[in-house]
Amino acid sequence: MKKTLLFILGLLVLAGCTSKKNEQPEIVKDPNTIVFDANPTTGYAWSYKWNQDGIIELDEEYISDQIDKEVTGSGGKMVYKIKPLKEGTTTVTFTYQRPWESTDSDSIVVYEITVDEQLNVEPKLIETYLD
């Protein structure tokens, strides 16, 4: 009987330790959006370059996972919205690194982004190296 009570008490304690539901705005996953985990408090940041100018533009926004404003150092999401400019294909290479460092262990993600004549966007993941 004691073991059963201790087990139930343990479950109640664990249930009380659960965190609040993340109340951040939902990130819509559509073909015009690329989302990466990020934490700028570590000094790491996502950067990008493409091989063909004038086909797309990228608008970027960081959205913190932080719920409590008193908490520092929490991560979040780096959201890139693809704005099509003209028909064509470009390769975009995203790199997650500290800007003052260049190492072989940086995280790299490569997308081929195609824009059709109606300016519909189709991103295709072609390479991933996440450290």
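So, which strands each supply at least two residues of the lining of the largest pocket? Hold that thought for a moment while I set the ground rules.

What you're looking at is a predicted model, where local features need pLDDT of at least 70, side-chain atom pairs count only at pLDDT 80 or more, and totals for chains, interfaces and linings use all residues. Residues are numbered from 1 along each chain as its sequence is written, and side-chain values use heavy atoms, with hydrogens and water left out.

Okay, the overall layout. The chain has one helix and seven strands, and from the N terminus on the order is α-β-β-β-β-β-β-β. Helices and strands here are DSSP runs, H or I with at least four residues for a helix, E with at least two for a strand, numbered from the N terminus. There are 131 residues, and 25% of them count as buried. For that word, buried is under 20% relative accessible area, exposed is over 50%, and partly exposed is in between, with a 1.4 Å probe and protein chains only. The chain exposes about 9,400 Å², with carbon and sulfur atoms supplying 54% of it; that area is Shrake-Rupley with a 1.4 Å probe, and for residues only the protein chains shown count as cover. As for contacts, meaning heavy atoms within 4.5 Å, take those with a separation of 6 or more: residues 24 or more positions apart account for 61% of them.

Back to the pocket. The answer is strand E1 (33-38), strand E6 (107-115) and strand E7 (121-129). E6 gives the largest share of the lining, three residues. In total 14 residues line this pocket, and Trp 46, Tyr 96, Ser 107, Leu 130 and Asp 131 lie nearest its centre. By type, the lining splits into eight nonpolar, three polar and three charged. The classes go like this: Ala, Val, Leu, Ile, Met, Phe, Trp, Tyr, Cys and Pro are nonpolar, Asp, Glu, Lys and Arg are charged, and the others, Gly among them, are polar. The volume is about 230 Å³.

Since you'll ask about the method: it's a 1 Å grid over the protein atoms alone, and a pocket is an open set of points with protein on both sides within 12 Å along at least five of seven lines, whereas a cavity is a set where a 1.4 Å probe fits but cannot get out; lining residues have an atom within 4 Å of a point. Grid points are joined across faces, edges and corners, and the volume is the space filled by probe spheres set on the points.

Now Trp 46, from that central group. It sits in strand E2 (residues 45-50), and it counts as buried because its relative accessible area is 10%. Beyond its neighbours within four places in sequence, Trp 46 touches Phe 36, Asp 37, Ala 38, Met 78, Tyr 80, Phe 94, Thr 95, Tyr 96, Ser 107 and Val 109. A polar atom of its side chain also lies 2.9 Å from the backbone oxygen of Asp 37.

Also in strand E2 is Tyr 48, which is partly exposed at 28%. Its C-alpha is 4.3 Å from that of Phe 94, although the two are 46 residues apart in sequence.

Asp 37 comes up again with Gly 76, in strand E4 (residues 76-84). Those two are 39 residues apart in sequence, but 5.9 Å apart C-alpha to C-alpha. Gly 76 is buried, at 4% relative accessibility.

Two threonines next. Thr 90 is in strand E5 (residues 88-97) and is buried, with a relative accessible area of 1%. Its side chain has a 3.0 Å polar contact with that of Asn 51. A polar contact is a pair of N or O atoms within 3.5 Å; within protein, one must be able to donate a hydrogen and the other to accept it, and residues adjacent in sequence count only if both atoms are side-chain atoms.

Thr 33, over in strand E1, is buried too, at 12%. Its side chain has polar contacts with the side chains of Asp 30 at 2.8 Å and Lys 81 at 3.2 Å.

One last oddity: Leu 119 isn't a glycine, yet has a positive phi of about 65 degrees. Leu 119 is in the loop between E6 and E7, and it's partly exposed at 36%.
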